[in-house]
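Colleague: I'd like to learn how to read the packing and the empty spaces in a model. Could you take me through both, with the general idea before the case at hand?

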Amino acid sequence: MKSWCLLLVLTLIQSVGLGQNTLTLISHDREINLNNYLYAYVDTSSALTVEEVMALPAKSFKPIPKTGLRTNVTKDVIWVKLTVSNPHNTRADVIIDFIDPSLEHIELFKFTESGLLKYATGTGLNPRDKSVFTNRNSFLIDFPRRQTTQIYFKVTSLNYMTISARLLDDGHALEENMEERTFLGMFYGAILILMVFNLLLAAITRMRLFFIYGLYILSIAIFTGAADGFTPFYLHFLIVWTDGYQDMLTAAFSNILGLLFMLEFLEVRTWSKSLFKIVTVFAALVGVSILGLFFTIPSYGFPLLNLYGIVGLVLMITGGVLGTVRKIPQGVYYLLAYILFGVFIVVFILNLLRVIEYTFLVQYSIHLGYISSIIILSYGLGVRIYKLYKSDLLREQEKQHLIEQQRKELEVKVEERTRDILIKETNLRAILENTDSAIWLIDEQYQLIDYNNVFSRLCNEVYGTSPARNQLVLDITPLSAEKKRWKERYNEALQGKGGIFIDQNKISGQVHHFEIYTFPIDSGGQITGVSVFARDITIRVNALDQLKSQNKALQKVNKELDSFVYSASHDLKAPLASIAGLISLVRREEDLQSRQEYYDMVERSISRLDQFISDIIDYSRNARLDKEAEPVKFEETIREVFNDLAYMTDTRDIEKNISVTQNVIFKTDPTRLKVIFRNLISNAIKYGCSHEGNNRIDVSCDVSARKAMIKIQDYGPGISEVHRRKIFDMFYRADENGTGTGLGLYIVKETVEKLGGKIKLETEEGEGSTFIVEIPNAT
Ligand code: ADP
């Protein structure tokens, strides 16, 4: 494109022929405000052709204000006339730009001296037209050299219009075009991001604040779009639908949303009920009145909206001031946002009032006001979210801190308690362990809760098992009878009835006696288990037994002593008395024969005494002396006894049958053995062979490694049943007239028992007697 880069200098020259200002291109300049050269004619019929307009008298065209011609929404056609003179020798290419991009349609008619009428719509002469918005309000025009050119613009727009134009060189136009594109690109980019961001936040957080804010930003985009051409181009249907009054609706809508946003953002309800009411009522008033006007006299809406805008702004700034004063979070951001917005609105209103010119700043004042306020508010929102997050974080940290503190306190407490419990446990353990009783505790399921070492040792000794905690206590014993017994004891204790029991158990083959106590474990009125104490009382029981047997022995000794004293006095006195009597008889007796008889009688008495004393010695020896264990030969012993007793058998012919079977070494006390044989054999001679014909004595001895079975049998009168049971008693004589001491069988029995053996009598009256003695081998 041919560059027209000469600078133009504006000079006002009164065009004589037209009586109107003609623009003379004198020098080089980059930009000229054309408002001083523009003349407008309003065709209310909208039907005039360009020719008819050209034919109109010059005074029909009125100069437009320096700040531009502002119209309400109208269906009128506005014809704008411009006269340009090019005194130079070169053709001048310039760009005429109508500043208001919301102008929807401009047709251009060019009339030169050659009469050539050229016309073009603002289809734009690429790339200088604002094709990005397709608002065809920029025109590249060539002015022929040394000519004055008449230009008519036919402007129609179903919107508020500001007719204000500039003349630019193409380089400057391109530059400005780029600037505008960049500005609007950034503006709508920011708007879109903020809107989507807030709507997404609303969807995520379900907070009304973000939703209102998102809608507010959207309404602002539509409102500003009306001023920069976005809305007519992209939302043309809106203009058609609102009959050109879409500005009114979107401005009202954004006003209401802005106020609602304030209520949410500053949480007005929480600190000023009256402001909240005022704002709510006002927002409702804006909505109702604008809607009402829209359907009645929409043209009144615009000034009313201006009024509402100012009141709304005052309310917002008031909210901001009060919020700031009351230190409402983010109040200061709100105040700042709307002060800034207010400044731009003032700029916009000043233009409306034609106080200032329609410039780039004026053109985009609403944009700038909104975007700056939105950025500040968004920043404020961000700060608020951050503070919320931070306070949440702080709260969380405090909570964590508190929890940590509580945890530490708890730990200390637990530690203290654990220490206490450990000390108690140690003390209890000491009590448990420093006793000779077995102690164990079970729960309601018969499970071992605890036990001491004694219990553990006893389980090992009695059952050969080691107990373990939580094991079933009934499993310790393998015996089902014991299991049953213990289960009954536990059940009784679990029902609150403790008990005392005595048990016998074998440990290493020896019977041990245990005294057992069961106690219910009462945990706060509820029985939760059983504690058992078992004490080995074997020593006590044995001592008791021993005491009993000692008592018995003492009783026996007493009895024996009694009878001994009685018998001794009798048995000692009787022979002595008879000896004394016989001696006095002997003194008086002259006859030698008789004397001899008396001496014989004295001798017999002495021999009885002797026998008695021997028996007493035997008895005493047996009772007193410890037993010995020496090898004995039974046959020899029996024969020795018969020899010793030869004085008894001399006068009689006794048949002695001795039968001994001894193939082993047999140890016993030989003296005691002899006492046994001597007494039994002497009795057999004395009583068993007392009658004629009964002179046989059988002595048999069957010796094995374990014991010796001795039988001494006679075939005498036997022993009647009445005596049978008593003949082993001390001083008992079956025959009162007998010469015996009544000690023989008693000594035999005592001696046999001392040797660990047994004695038995088999006898029938008239059939003889058999004494059977069994003696264990002492090896
Ligand atoms: P004693 O010194 O009187 O013989 P013992 O204790 O030896 O005392 O005997 C008790 C009594 O038993 C005798 O008095 C006698 O009557 C009776 N007795 C003992 N052995 C026999 C026997 N083999 N046959 C019949 N009676 C006997």
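**Cores and cavities**

Modeller: Happy to. Keep in mind that this is a predicted model. Let's begin with one side chain: setting aside neighbours within four places in sequence, Y338 is in contact with Y216, L313, M316, I317 and L377.

Colleague: How should I read a cluster like that, and which residues touch the most other members of the largest nonpolar core?

Modeller: The general idea is that in soluble globular proteins, nonpolar side chains tend to be buried together. Here the largest nonpolar core has 66 residues, and Y334 and Y338 touch the most other members. At least two residues of this core come from each of helix 2 (170-205), helix 3 (208-228), helix 6 (246-265), helix 7 (268-271), helix 8 (273-295), helix 9 (301-325), helix 10 (331-352) and helix 12 (365-433). Helix 6 supplies the largest share of this core, with eleven residues. Another core, of 35 residues, lies apart from this one, and F634, I638, L745 and V752 are among its members.

Colleague: Now the empty space. How many cavities of 30 Å³ or more does a search of the whole structure find?

Modeller: The idea first: rolling a probe the size of a water molecule over the atoms shows where empty space is left. In this structure the search finds five cavities of 30 Å³ or more. The largest cavity holds about 580 Å³ of space.

Colleague: Which residues lie nearest the centre of the largest cavity, and which helix gives the most to its lining?

Modeller: Of the 35 residues lining the largest cavity, F223, A251, N306, F348 and I366 lie nearest its centre. Helix 9 gives the most to this lining, with eight residues. Helix 3, helix 6, helix 10, helix 11 (360-363) and helix 12 are also among the elements that each supply at least two residues. The lining of the largest cavity draws at least three residues from each of domain 1 (3-178) and domain 2 (180-391). By type, the lining has 21 nonpolar, eleven polar and three charged residues.

Colleague: And what is the volume of the second largest cavity?

Modeller: That volume is about 280 Å³. The second largest cavity is lined by 19 residues, with W440, F455, C459, Y463 and W486 closest to its centre. Strand 15 (438-443), helix 13 (453-463), helix 14 (480-494), strand 17 (499-507) and strand 18 (510-523) give two or more residues to this lining. Helix 13 provides the largest share, five residues.

Colleague: How do the residues of that lining divide by type?

Modeller: The lining of the second largest cavity has 15 nonpolar, two polar and two charged residues.

Note on methods: Residues are numbered from 1 along each chain as its sequence is written. This is a predicted model: local features need pLDDT of at least 70, side-chain atom pairs count only at pLDDT 80 or more; totals for chains, interfaces and linings use all residues. Side-chain values use heavy atoms; hydrogens and water are left out. A nonpolar core is a set of buried Ala, Val, Leu, Ile, Met, Phe, Trp, Tyr and Cys residues joined through side-chain atoms within 4.5 Å. Buried means under 20% relative accessible area, exposed over 50%, partly exposed in between (1.4 Å probe, protein chains only). Helices (H or I, at least four residues) and strands (E, at least two) are DSSP runs, numbered from the N terminus. Contact means heavy atoms within 4.5 Å. On a 1 Å grid over the protein atoms alone, a cavity is a set of points where a 1.4 Å probe fits but cannot get out, and a pocket is an open set with protein on both sides within 12 Å along at least five of seven lines; lining residues have an atom within 4 Å of a point. Grid points are joined across faces, edges and corners, and a volume is the space filled by probe spheres set on the points. Ala, Val, Leu, Ile, Met, Phe, Trp, Tyr, Cys and Pro count as nonpolar, Asp, Glu, Lys and Arg as charged, and the others, Gly among them, as polar. Domain bounds come from an automatic or database domain assignment.
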